[in-house]
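Biologist: Could you walk me through this one slowly? I'd like to start with the charged side chains and then move on to the rest.

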Amino acid sequence: MSKFNERLFSKLDAASERTGIPALARHEVRRRHFRWIPMFALALAIGGWIWGLARPDATQLGYAAISVGFALGVFLPIFGPIKAWGTPKADEFDRQLRQRAFLAGFATVAFTAFVGLWLTLGLTLIGNWSRDVLIGQLANFTYMLFVLYLTVPTLHASWTTQPVAED
């Protein structure tokens with residue numbers, strides 16, 4: 001192989017390493033403590049859900065806000081402080097952190113589901129919503145619960161631990 005090709009391929013390898021995709025494939029993701037991104041995703045999702053409840057005729061705008069919160073929340077488990085299940089480098093601290101974070105997340109989802117279903121039922125009876133409006137409200141609520149499931153464990157783990165200083 002010529003020197004030109006060697007330099008070209010080494011530069012292409014260096015460029016791909018900067019993207020972080022090869023580190024993802026090797027399971028060498030740098031764990032980050034996200035605090036404001038999950039809060040922003042939660043604020044968008046809860047705000048979109050409340051917007052849909054307050055304005056049943058504009059449920060789609062609430063769904064769009066929940067979708068933006070979901071799009072932010074999807075990447076949190078990948079790059080957040082919680083290591084994935086079955087990670088060989090996970091020690092007792094990581095397993096305990098994951099356990100506590102997911103228990104907090106499940107408790108939040110369960111409490112929100114209980115309160116949200118009763119709230120939706122009450123607003124349906126008070127507002128005399130049609131079947132289509134009720135289906136849209138339940139879709140928004142379910143989608144918001146997905147955002148809670150994605151963001152609350154990362155938020156809990158980020159706020160209960162301190163980030164490790166860079167070497």
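**Charges, cores and surface**

Modeller: Asp132 makes a salt bridge with Arg131, and their closest N and O atoms are 3.8 Å apart. Both ends are open to the outside, since Asp132 is exposed and so is Arg131. Please keep in mind that this is a predicted model.

Biologist: How many salt bridges does a search of the whole structure find?

Modeller: The search finds two salt bridges. Besides the pair just described, the side chains of Asp57 and Arg55 meet in a salt bridge, at 3.3 Å from N to O.

Biologist: And Asp57, is that buried or exposed?

Modeller: Asp57 counts as exposed because its relative accessible area is 58%, which is over the 50% cut-off. Its partner Arg55 has 38% relative accessibility, so Arg55 counts as partly exposed.

Biologist: OK, let's step back. What does the secondary structure of the chain come to?

Modeller: The protein chain has seven helices and zero strands, so that, when it is read along the sequence, the pattern is α-α-α-α-α-α-α. Of its 167 residues, 31% count as buried. If we take the contacts between residues at least 6 apart in sequence, 79% of them join residues at least 24 apart.

Biologist: Which residues touch the most other members in the largest nonpolar core?

Modeller: That core has 16 residues, and those touching the most other members are Leu42, Trp49, Ile66, Phe141, Met144, Leu145 and Leu148. The elements that give two or more residues to this core are helix 3 (36-54), helix 6 and helix 7 (131-160), and helix 7 gives the most, with eight residues. As background, nonpolar side chains in soluble globular proteins tend to be buried together.

Biologist: You listed Ile66 there. What is Ile66 in contact with?

Modeller: If we leave aside its neighbours within four places in sequence, Ile66 is in contact with Leu44, Ala45, Gly48 and Trp49, and also with Asn140, Tyr143, Met144 and Val147. There is also a second, separate core of five residues, which includes Leu97, Ala101, Phe102 and Ala157.

Biologist: Switching to rings, how many aromatic pairs does a search of the whole structure find?

Modeller: The search finds seven aromatic pairs. One of them joins Phe102 and Tyr149, whose rings lie 6.3 Å apart centre to centre with 50 degrees between the planes, and this pair is tilted. The pair links distant parts of the chain, with Phe102 in helix 6 and Tyr149 in helix 7, 47 residues apart.

Biologist: Why does Phe102 count as buried?

Modeller: Phe102 has 15% relative accessibility, so it counts as buried, the cut-off being under 20%. Tyr149, in contrast, is partly exposed because its relative accessible area is 38%.

Biologist: Which residues form an aromatic cluster?

Modeller: Tyr63, Phe70 and Tyr143 form one aromatic cluster. Tyr143 is also among the residues in contact with Ile66.

Biologist: What about the glycines? Where is Gly62 found?

Modeller: Gly62 is found in helix 4, which covers residues 59-74. Gly62 counts as buried because its relative accessibility is 0%. Setting aside neighbours within four places in sequence, Gly62 is in contact with Gly48, Trp51 and Asn140. Gly62 and Gly52 are ten residues apart in sequence, while their C-alpha atoms are 5.0 Å apart in space.

Biologist: And how far apart in space are Pro77 and Pro153?

Modeller: They are 8.3 Å apart from C-alpha to C-alpha, although 76 residues separate them in sequence. Pro77 has its place in helix 5, residues 76-79, and its relative accessibility is 40%, so Pro77 counts as partly exposed.

Biologist: Last topic, the outside. Which residues form a nonpolar patch on the surface?

Modeller: That patch is formed by Phe111, Phe114, Val115, Trp118, Leu121 and Leu125, which together have about 710 Å² of accessible area. Phe111 lies in helix 6, residues 92-127, and Phe111 counts as exposed because its relative accessibility is 58%. For the whole protein chain, the accessible surface comes to about 11000 Å², and 68% of this belongs to carbon and sulfur atoms.

Methods:
Residues numbered from 1 in each chain as written. Predicted model: local features only at pLDDT ≥ 70, side-chain atom pairs only at ≥ 80, totals over all residues. Heavy atoms only, no water. Patch = residues over 30% accessible without salt bridge, like charges linked within 9 Å, V, L, I, M, F, W, Y side chains within 5 Å. Areas by Shrake-Rupley, 256 points an atom, 1.4 Å probe, with all protein chains shown as cover. Salt bridge = Lys/Arg side-chain N within 4 Å of Asp/Glu carboxyl O. Helix = DSSP H or I, 4+ residues; strand = E, 2+ residues; numbered from the N terminus. Buried < 20%, exposed > 50% of the residue type's maximum accessible area, 1.4 Å probe, protein only. Contact = heavy atoms within 4.5 Å. Core = buried A, V, L, I, M, F, W, Y, C linked by side-chain atoms within 4.5 Å. Phe/Tyr/Trp six-rings, centres within 6.5 Å; stacked < 30°, edge-to-face > 60°.
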